[in-house]
2 protein chains.
Amino acid sequence: MKIKYELIKGEKNTKARHGKLITNHGTFETPMFMPVGTQATVKTLSVEELYDVNAGIILANTYHLWLRPGEDIVAKAGGLHKFMNYKGPILTDSGGFQVFSLAKPKDITEEGVMFKSHLNGDKLLLTPEKSIEIQNKLDSDIAMSFDECVGFPHTRKYVEESVERTLRWAKRGKDVFNNENQSLFGIVQGAEYEDLRKHCVEELVKMDFDGYSIGGTAVGEPKDVQYQQVEYSCKYLPEDKVRYLMGVGDPIDIIENVIRGVDIFDCVMPTRLARHGHAYTKYGKINLKNKKFEEDFTPIEEHCDCYACKSYTKAYIHHLIKAEETLGARLLSIHNIRYLTRLTEDLRKAIDEDKILEYKEEFLKNYKF
Amino acid sequence: MKIKYELIKGEKNTKARHGKLITNHGTFETPMFMPVGTQATVKTLSVEELYDVNAGIILANTYHLWLRPGEDIVAKAGGLHKFMNYKGPILTDSGGFQVFSLAKPKDITEEGVMFKSHLNGDKLLLTPEKSIEIQNKLDSDIAMSFDECVGFPHTRKYVEESVERTLRWAKRGKDVFNNENQSLFGIVQGAEYEDLRKHCVEELVKMDFDGYSIGGTAVGEPKDVQYQQVEYSCKYLPEDKVRYLMGVGDPIDIIENVIRGVDIFDCVMPTRLARHGHAYTKYGKINLKNKKFEEDFTPIEEHCDCYACKSYTKAYIHHLIKAEETLGARLLSIHNIRYLTRLTEDLRKAIDEDKILEYKEEFLKNYKF
């Protein structure tokens with residue numbers, strides 16, 4: 001079965017939408033924040049902890065799983081769900097983002113991308129067909145087309161050529177796609193050029209994907225450029241398909257892009273920040289390593305319903321982080337992911353009440369950057 | 001309230017005993033394996049995971065907690081239980097074992113031990129009084145007397161002097177002890193000399209401790225020497241008090257020393273082995289990093305009731321360990337601790353059936369060293 005997106009309610013004053021996505025591994029409501037499980041594990045967490053923080057869906061990285069343990073081993077295990085014992089929906093990326101950060105410009109050809117493995121330096125070629133073949137074997141619920149992720153800044157001429165290549169690659173991937181229980185997304189590129197985004201959307205929609213991702217974001221662009229890219233994409237995307245903004249997960253970016261019509265977000269920041277001792281709070285990020293928390297016997301956030309806040313104090317987490325005990329990163333990962341999934345819950349509620357702009361204003365009043 | 005030991009049944013053919021220990025934080029049966037939570041956390045595990053593996057009691061290290069976060073912060077948190085959110089019994093060591101491994105021989109005086117902090121090189125003095133004062137503040141259920149842990153090998157003359165010092169230190173600690181909800185153990189030293197062990201036990205018993213530890217083990221002595229040290233200690237220890245063998249937790253050593261009358265064991269090995277990718281099994285230790293497990297889609301042990309074995313395959317844990325994902329060490333820690341707590345459960349059953357020697361024989365038939 002392919003995924004199905006259903007709109008529950010559109011917000012009156014903005015493009016924000018409250019919907020739900022029905023998958024073979026359960027239904028979740030959108031907007032939703034999706035934690036990143038790069039190597040078939042969301043760093044430091046068990047799958048039960050993921051269920052507990054209401055992560056409706058998780059992401060796994062095709063590039064990493066291709067190199068280790070290899071898609072054939074995952075397939076022999078019965079697919080990614082069985083391999084990692086996760087019963088909820090899983091989305092895989094195409095490997096494109098990782099590969100482009102390892103490749104040199106001249107390594108991008110019509111065929112695909114040549115790059116060196118970050119594990120052993122082996123020269124490898126990833127193509128649109130190979131990316132789909134790997135994802136078909138991983139058997140995630142949702143696969144991504146292999147696209148070219150253009151960095152920032154760039155020239156218009158390069159983006160024009162790149163969008164055409166991304167469209168040809170999307171077609172090539174779709175042609176070899178072979179997994180009836182998996183859905184395939186097209187990826188909208190075109191940088192900050194409205195006509196290119198429009199063109200890219202229109203061509204992808206002709207190919208009829210199960211959902212659409214917005215790419216070319218989270219590559220160092222200023223926030224206003226990112227928001228414009230999203231606006232120029234959502235404007236042309238079909239209402240009846242889900243929209244996933246790749247690599248974006250800063251709280252304010254989630255709010256701004258939900259307002260522009262995005263449904264799903266992913267980002268490594270909640271777990272990466274956790275490993276460095278940071279926690280999201282209503283008042284901005286705090287660094288638990290800070291000495292002022294040494295004798296602070298209150299939770300990270302008083303009214304947070306996460307396991308870390310219900311059971312542990314800042315003083316204890318401060319101690320764990322200073323002592324380099326992994327339970328510290330685990331508690332902060334739980335809190336940070338829950339912070340973002342709760343943020344999307346709050347946004348769904350704000351959409352239902354047609355009050356998302358008020359929600360944003362209130363959020364910005366408290367949150368220190 | 002002080003702890004209370006009750007004998008449930010003595011094994012007919014050996015000195016093995018099945019008993020229970022009643023503490024302010026719950027009752028558990030003995031023999032029992034006690035996981036080590038050096039820095040107020042059993043590495044990689046949550047407290048719920050400790051409850052799940054039936055760890056009747058855990059150990060925390062006075063030396064480490066003294067240095068970081070400091071006993072005063074733990075006291076302000078309301079004691080170690082509240083600080084780390086652990087509701088079961090906690091035992092603290094005296095800091096002696098850690099300090100002696102950092103001190104040079106000439107640093108041991110009648111007053112105490114001078115040594116350098118492993119964190120910042122500060123010169124520090126730990127005395128019997130200071131150790132007790134710290135433990136009183138940590139507010140564990142069971143505190144240890146500060147003793148001199150003599151290494152192996154040694155001269156009889158040195159051990160003779162050392163036993164007398166350990167006895168004087170035990171007295172000094174007991175004199176300043178001030179926590180009515182905490183119990184205090186005396187530590188039996190005397191190396192492999194029966195007369196010195198006997199003398200040490202007799203003098204400690206005169207001081208009337210709440211329980212007794214057997215020390216001078218796990219310092220590099222051959223196994224037969226260790227078993228003899230235990231025999232020479234248990235032989236003279238009172239039947240109505242619990243006996244804790246410090247630092248010993250190898251499966252076969254648990255069996256051999258239960259047979260000699262020991263009730264409680266602790267060891268860092270199950271969690272340390274886990275971090276290096278090793279798991280205990282009925283057939284001996286296995287290294288999950290080994291390539292032969294890459295496509296092994298069975299659990300570590302088929303009939304193990306631990307979370308890791310119920311939910312994950314060797315292939316997945318192999319992948320996690322190779323990918324340096326902390327969930328791997330966590331799953332192996334859960335398994336290894338459960339392996340040892342189940343071993344002590346099996347031994348209690350064997351005692352009830354007067355079949356502990358048969359149990360040992362059967363165990364040795366399977367277990368490859």
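Which residue just after H10(A) takes a positive phi? In this predicted model, the residue is Gly261(A), with a phi of about 110°.

**Figure 1. Helix H10 of chain A and the residue that follows.** Helix H10 of chain A spans residues 251-259, and 7 of these 9 residues are buried, so the helix is largely enclosed by the rest of the structure. The buried positions are Pro251(A), Asp253(A), Ile254(A), Ile255(A), Asn257(A), Val258(A) and Ile259(A). Just after the helix comes Gly261(A), with its positive phi.

**Figure 2. The largest nonpolar core and the surroundings of Met34(A).** The largest nonpolar core holds 220 residues. Those with the most contacts inside this core are Met34, Ile58 and Phe265 of chain A, together with Met34, Ile58 and Phe265 of chain B. When neighbours within four places in sequence are left aside, Met34(A) is in contact with Ile58(A) and Phe265(A), both named above for their contacts in the core. The other contacts of Met34(A), on that same basis, are Ala55(A), Ile57(A), Leu59(A), Leu91(A), Ile264(A) and Asp266(A).

**Figure 3. Gly186(B) within its strand.** Gly186(B) lies in strand E10 of chain B, which covers residues 183-188. This glycine has 30 C-beta neighbours inside 10 Å and therefore counts as buried, the cut-off being 20 or more. Apart from neighbours within four places in sequence, Gly186(B) is in contact with Ser145(B), Ala170(B), Leu204(B), Met207(B), Phe209(B) and Tyr212(B). Thr127(B) is 59 residues away from Gly186(B) in sequence, and the C-alpha atoms of the two are 15 Å apart in space.

**Figure 4. The relation between the two chains.** Chain B is superposed on chain A by a rotation of 180° with 0.0 Å of shift along the axis, giving an RMSD of 0.0 Å. The two copies are thus related as by a two-fold rotation axis. Among the residues of chain B, Thr326(B) comes closest to this axis, its C-alpha lying at 3.8 Å.

**Figure 5. The contact between chain A and chain B.** Each chain contributes to the contact: 29 residues come from chain B and 29 residues from chain A. On the side of chain B that touches chain A, two or more residues are given by each of the helices H3 (71-76), H4 (80-84), H13 (314-322) and H14 (326-352). H13(B) provides the largest share, 5 residues. By class, this side of chain B has 13 nonpolar, 9 polar and 7 charged residues. Of the interface residues of chain B, 100% are also interface residues in chain A, so the copies meet through the same surface.

Conventions:
Residues numbered from 1 in each chain as written. Chains lettered and ligands numbered in written order. Predicted model: local features only at pLDDT ≥ 70, side-chain atom pairs only at ≥ 80, totals over all residues. Core = buried A, V, L, I, M, F, W, Y, C linked by C-beta atoms within 7 Å. Buried ≥ 20, exposed ≤ 12 C-beta atoms within 10 Å, placed from the backbone. Contact = placed C-beta atoms within 7 Å. Least-squares fit on C-alpha atoms with pLDDT ≥ 70 in both. Helix = DSSP H or I, 4+ residues; strand = E, 2+ residues; numbered from the N terminus. Nonpolar A, V, L, I, M, F, W, Y, C, P; charged D, E, K, R; others polar.
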